[in-house]
2 protein chains.
Amino acid sequence: MFTPADLLMIPGPTPLPEGVRQAMGLPAIGHRSPEFKAIMKRVLPALQWAFQTQHEVLLYTASGTGAMEAALVNTLNPGDKVLGLTCGVFSARWSEVARSLGLTVVEAAVPAGQPNLPEQLKARLDQETGEPFKAVMLIHSETSTGVLNPVEDLVNIIQDYGALSIVDTVTSLASSPCPVDAWGIDVAVSGSQKGFMIPPGLSFLSYSEKAWQAHQQVRHPGFYFNFAKTRKAQADFTTPYTPATHLIMALDVALAQMQAEGLDAVHARHVQNRNAVRAGVSALGLELLVPDDRYASLAATSVKPPAGISVADIRAGLKKAFGIVVADGQKDLKGQIFRIGHLGYVHPRDVFTTMAALEQVLGHLGHTVKGHAVEAAQQVYQTVPVACAL
Amino acid sequence: MFTPADLLMIPGPTPLPEGVRQAMGLPAIGHRSPEFKAIMKRVLPALQWAFQTQHEVLLYTASGTGAMEAALVNTLNPGDKVLGLTCGVFSARWSEVARSLGLTVVEAAVPAGQPNLPEQLKARLDQETGEPFKAVMLIHSETSTGVLNPVEDLVNIIQDYGALSIVDTVTSLASSPCPVDAWGIDVAVSGSQKGFMIPPGLSFLSYSEKAWQAHQQVRHPGFYFNFAKTRKAQADFTTPYTPATHLIMALDVALAQMQAEGLDAVHARHVQNRNAVRAGVSALGLELLVPDDRYASLAATSVKPPAGISVADIRAGLKKAFGIVVADGQKDLKGQIFRIGHLGYVHPRDVFTTMAALEQVLGHLGHTVKGHAVEAAQQVYQTVPVACAL
């Protein structure tokens, strides 16, 4: 049989729309040309639309981790005390980045599969003595576990406390509702290879007036990720340094596609796909790492393998027999869960085929299937037929 | 008439080989997949080949300016005293980056079109009193003017003095001879959209044992550009954070093309193209900003317009009539020079057509042509026929 390109059902990089691939393959373009400026004039307002913010969104040629460093190095000074809310591998990265910059870090972690809850945060902040936290760092969608944090409530508490809220929205922006201004998020960072449906290499950062004021107090904000330099260049629809031109041309295409779909429809599609995956794997008798729908990420779903069947065998079966890639667990969760991504350019037909393949692979590995995964997914799409009018 | 894609005769981004464009348009790939690791296993040794270094070359998803910041933030601490050798806009950036990081910067500048000379550097270092410089920052090919600095000699002096040599080789690597180990360069940084013939968004950094030792003394080396984290990941042919997958796939193609051509042949082609451009514009009676061939960049040639004819008109004529893009001068040199790039995927036939078009545009603008630009270029290629066997 022929081998199709892999279907990436991982929490990023996500599959690429055809138009994005075409843009990636275009000839070279000068980044100081009028043609490129015209692209920036479309891309920058469209990013504001996606972030639902009045401020411009800063655009970096770097992956999401670069924008995380940008968030901290531009708003805090070495020695500043910060609180890191950790619920998995990616949220833990906030504290790692902060330490590497000489910040004083306190970490508050919850067990894998659980969200950071507002009441816990409130209690943690109330008990803190001595110097107050200058910032609280947290994540919206933690794809190492599949948790969706209640960011709006968390940010409200941080706001009342008087600290900056610095939020990793890498896998939530453009998939989950995340209106950064309405929620009062001081700094939100996101990446290109997730809801934005283009390859990795770009990251995006929104900031509040309060974050901008904090930036004024920073002694050594660095150069490459510097807020002020980036903002100044973007006011003229350019970038301070050479940007990844082709990723921005691809982003132009992707944002136009998102705007044609509509932000609410993008979110509704992600809700449906997540619900369909959760219904499908549950129908197969598999256990979800995040049992509570309210805290289930719209980007990825973590599934525990049936007793006696290894994650490695499930992943290998899906990949070898069907060219479908799902992710392993990370660090302590390696081999304990597999993660099905349903983020970005993912359509119900990708969910159907993944559910059908998973059912078949599990059967082949000896798992007695308790229900029909595809049927369960169909029921979800039947209930709220957003992706296509049935 | 139809409009072809612009021919970019600027000092980067450079034209893209077909294979590079095809790689850019490939489907999504997981950056933790065996397929991507196989690409990294080819790319990383090929980068060492291009840099002519025994150490691994650190790969960043960022443009060259990001790697410049990486060079400084990983080897120096705030307050350290450094010397910046400036001969144009890009070399001046070293001092800007250094200041933004809290380093104490002394700048030694030469007029536009002149190189930083070894005897000047020696005298400058000898006269310095008080704390010695921890590092000297300089550029190899300064494309804002078209100067090629005598880096080997400069680095020798820096080595004798005992400081780190930190060199911007963005537009020299993979176009000019630059064996970083043989020359003893402590840190060299380069970018993807130059000699490496792919779109912007990646940068590369080589380091010496001495630079690595300096890294051990750095208090807050940061996270995204961290030497140790990058080196550790690359030892396993991966990256510490999500890389720009498609640019790396494109780099894989470009490096294979360079290896098939051979490094000496790549350099010889650039020498020929530069000589042909210099001969061509000289035949038209135009003055070169860098009169001395020994200090003429292999990446770009700066040309003064004839009296009474504006740079804007020359650029507009080339672009509108022929779809050929050459660069304006930057900052103080804006309108004073135009810059013809001959870097990366540039073939003698691109030089021929650029010379023919320039001759015609200048004639149209009223310049009395004193010779034939194409004929002069032909003579260069006749003398050393590297690009094709005549």
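This report describes a predicted model of two chains, A and B, taking in their interface, a pair of packed helices in each chain, and some local backbone features.

**The interface between the chains**

Chain A and chain B touch through 51 residues of chain A and 51 residues of chain B. Together the two chains bury about 3700 Å², and 65% of that area lies on carbon and sulfur atoms. On the side of chain A, the three residues A:Ala28, A:Phe223 and A:Tyr224 supply 16% of the area that this chain buries against chain B, which is more than any other three residues provide.

Charged side chains also meet across this boundary, where 2 salt bridges are found between chain A and chain B. A salt bridge joins B:Glu35 to A:Lys319, with a distance of 2.5 Å from N to O.

**Helices α11 and α13**

In chain A, helix α11, which covers residues 263-283, and helix α13, which covers residues 348-364, have axes that come within 10 Å and cross at roughly 15 degrees. Angles under 35 degrees count as roughly parallel, and α11(A) and α13(A) are therefore roughly parallel to each other. The crossing of α11(A) past α13(A) is right-handed. From α11(A) the contact draws on A:Asn273, A:Ala276, A:Val277, A:Gly280 and A:Val281, while α13(A) contributes A:Pro348, A:Val351, A:Met355 and A:Leu358. Sorted by class, the residues of this contact comprise 7 nonpolar, 2 polar and no charged.

In chain B, helix α11 (residues 263-283) packs with helix α13 (residues 348-364) at an angle of about 15 degrees, and their axes are 10 Å apart. The helices α11(B) and α13(B) are therefore roughly parallel to each other, and their crossing is right-handed. Here B:Asn273, B:Ala276, B:Val277, B:Gly280 and B:Val281 of α11(B) meet B:Pro348, B:Val351, B:Met355 and B:Leu358 of α13(B). The contact of α11(B) with α13(B) divides by class into 7 nonpolar, 2 polar and no charged residues.

**Backbone features in loops**

A cis peptide bond appears in each of the two chains, as the table sets out.

| Cis peptide bond | Omega |
|---|---|
| A:Gly12 to A:Pro13 | about -5 degrees |
| B:Gly12 to B:Pro13 | near -5 degrees |

The proline of the bond in chain A, A:Pro13, sits in the loop that runs between β1 (7-8) and α1 (18-24) of that chain. In chain B, B:Pro13 lies in the loop between β1 (7-8) and α1 (18-24) of chain B.

Another backbone feature concerns B:Gln52, which has a positive phi of about 55 degrees although this residue is not a glycine. B:Gln52 belongs to the loop between α2 (34-51) and β2 (58-61) of chain B.

**Salt bridges in the whole model**

Over all chains the count of salt bridges comes to 32. One of the salt bridges is formed by the side chains of A:Glu18 and A:Arg21, at 3.5 Å from N to O. These two residues, A:Glu18 and A:Arg21, stand 3 residues apart in helix α1 of chain A, and so they are separated by about one helical turn.

Note on methods. Residues numbered from 1 in each chain as written. Chains lettered and ligands numbered in written order. Predicted model: local features only at pLDDT ≥ 70, side-chain atom pairs only at ≥ 80, totals over all residues. Heavy atoms only, no water. Axes fitted to C-alpha atoms, helices over the stretch in contact; angles between N-to-C directions. Helix = DSSP H or I, 4+ residues; strand = E, 2+ residues; numbered from the N terminus. Parallel < 35°, antiparallel > 145°, perpendicular 65-115°, else oblique. Left-handed = near helix turned anticlockwise from the far one by under 90°. Contact = heavy atoms within 4.5 Å. Nonpolar A, V, L, I, M, F, W, Y, C, P; charged D, E, K, R; others polar. Buried area = accessible area lost by both parts, 1.4 Å probe. Salt bridge = Lys/Arg side-chain N within 4 Å of Asp/Glu carboxyl O.
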